[in-house]
Amino acid sequence: MFPELRLRRLRRTATLRRMVRETRLSVDNLVYPLFTVPGRRVKRELASMPDCYHLSADMLAREAEEVAKLGIPAVILFGLPESKDEIGSGAWDSKGPVPRAIRAIKKAAPELVVMADVCLCEYTSHGHCGVVRDRYVDNDATLELLSRAAVCYAEAGADIVAPSDMMDGRVGAIRSALDEKGFPMVAILSYAAKYASGFYAPFREAVQSAPQFGDRRSYQMDAANAEEALREVELDLAEGADIVMVKPALAYLDIIRRVRESFPGPLAAYSVSGEYAMIKAAVRQGCLDEKQVALEVLTAIKRAGADIIITYYAKDAARWLKA
Ligand code: PBG
């Protein structure tokens with residue numbers, strides 16, 4: 001006991017602290033999200049997310065080269081189509097922005113892992129993540145459409161498809177479709193425990209996917225539930241998910257920890273748009289130090305148990321970690 005025992009001894013110098021550090025955030029943990037749009041030479045900053053852009057496939061290829069050069073292993077792609085319809089058919093258009101972006105990235109930076117988000121909300125006129133019947137999202141009718149989208153991205157060259165829709169049974173449906181179409185090696189990262197969260201607002205503004213009526217509570221998880229997250233993870237793994245994810249991250253560190261303790265495989269966490277925008281806003285107000293706070297949050301997500309962190313801070317963090 002004190003005074004013989006003093007925990008401050010090992011905090012005395014930077015080298016001592018480095019030596020006993022328990023969690024090490026690495027560039028290897030990071031995934032950078034990118035938003036791709038139709039057209040050429042388009043690079044438009046997002047009003048809701050400073051330093052993030054709408055990029056056409058040509059511009060995105062350059063961005064991918066920079067991301068690869070920074071040592072970041074992967075990107076995840078979201079697309080904004082030319083036009084939207086009731087069933088979100090733009091999601092499986094082989095000439096759509098995401099397949100074009102995948103091909104462009106694979107040419108520009110072949111070693112970069114390309115993940116494609118699979119969901120209909122960016123492509124439906126009503127903004128819901130599936131087919132709507134009588135103002136309710138029809139689970140089973142949506143599975144076929146999600147499978148088409150996943151196969152379309154696999155055909156374009158995606159390494160990983162990432163269903164974020166929260167329909168029941170979608171991981172199994174997508175796995176069967178990929179295997180049937182000759183893509184047994186394309187992996188699935190499932191947004192297994194995805195919560196109905198207010199923290200997605202800046203993203204929805206960026207891809208114009210806010211639901212035109214109602215909300216997503218009939219398919220995304222209730223923020224109050226933790227046990228249910230473990231069931232979601234278990235089911236997605238049983239259906240063939242290679243990586244499971246918890247989303248958002250910062251307000252759900254307990255969920256990340258519990259999922260970590262429930263299975264040994266790769267676990268991802270998505271530090272979402274609202275988490276990013278919140279830090280950016282506070283930094284702009286002059287009340288937070290951006291580098292310190294962003295790295296602290298990312299380290300906390302890793303400490304909670306995530307191996308893979310999807311973050312809009314990936315490029316900054318890669319630079320900060322190198323320095
Ligand atoms: C699509 C999807 C969303 C996000 C990732 N995939 C939005 C939503 O569910 O409304 C959010 C990402 C973010 O906020 O950064 N379903």
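## A walk from the largest pocket to the ligand

Start by selecting helix H10: in this predicted model, H10 gives the largest share of the lining of the largest pocket, five residues.

Keep H10 (290-304) on screen and add helix H1 (14-20), since these are the elements that give two or more residues to that lining. Next, show the whole lining, which comes to 14 residues. To find the middle of the pocket, pick Arg-21, Thr-23, Arg-24, Leu-25 and Thr-299, the lining residues that lie nearest its centre. The space you are looking into has a volume of about 470 Å³. Try colouring the lining by class: you should get seven charged, five nonpolar and two polar residues.

Now move on to the ligand. Where does the ligand sit? Its place is the largest cavity. Select the shell around the ligand and you will have 18 residues, with Lys-194, Arg-204, Lys-247, Ser-273 and Tyr-312 as the closest. Colour this shell by class too, and it divides into ten nonpolar, five charged and three polar residues.

Three side chains deserve a distance label here. Begin with Tyr-312, where an N or O atom of the side chain is 2.6 Å from an oxygen atom of the ligand. Then go to Arg-216: one of its polar side-chain atoms lies 2.9 Å from a ligand oxygen atom. Finish with Lys-247, which has a polar side-chain atom 3.4 Å from a nitrogen atom of the ligand.

For a last view, switch on the protein surface around the ligand. Taken alone, the ligand exposes 400 Å², and the protein buries 100% of that.

Key: Residues numbered from 1 in each chain as written. Predicted model: local features only at pLDDT ≥ 70, side-chain atom pairs only at ≥ 80, totals over all residues. Heavy atoms only, no water. Near = heavy atom within 4 Å. Polar contact = N/O pair within 3.5 Å; in protein donor to acceptor, adjacent residues only side chain to side chain. Areas by Shrake-Rupley, 256 points an atom, 1.4 Å probe, with all protein chains shown as cover. 1 Å grid on protein atoms, 1.4 Å probe; cavity = no way out; pocket = protein on both sides within 12 Å on 5 of 7 lines; lining within 4 Å. Sits in = over half its atoms within 2 Å of the grid points. Nonpolar A, V, L, I, M, F, W, Y, C, P; charged D, E, K, R; others polar. Points joined across faces, edges and corners; volume = space filled by probe spheres on them. Helix = DSSP H or I, 4+ residues; strand = E, 2+ residues; numbered from the N terminus.
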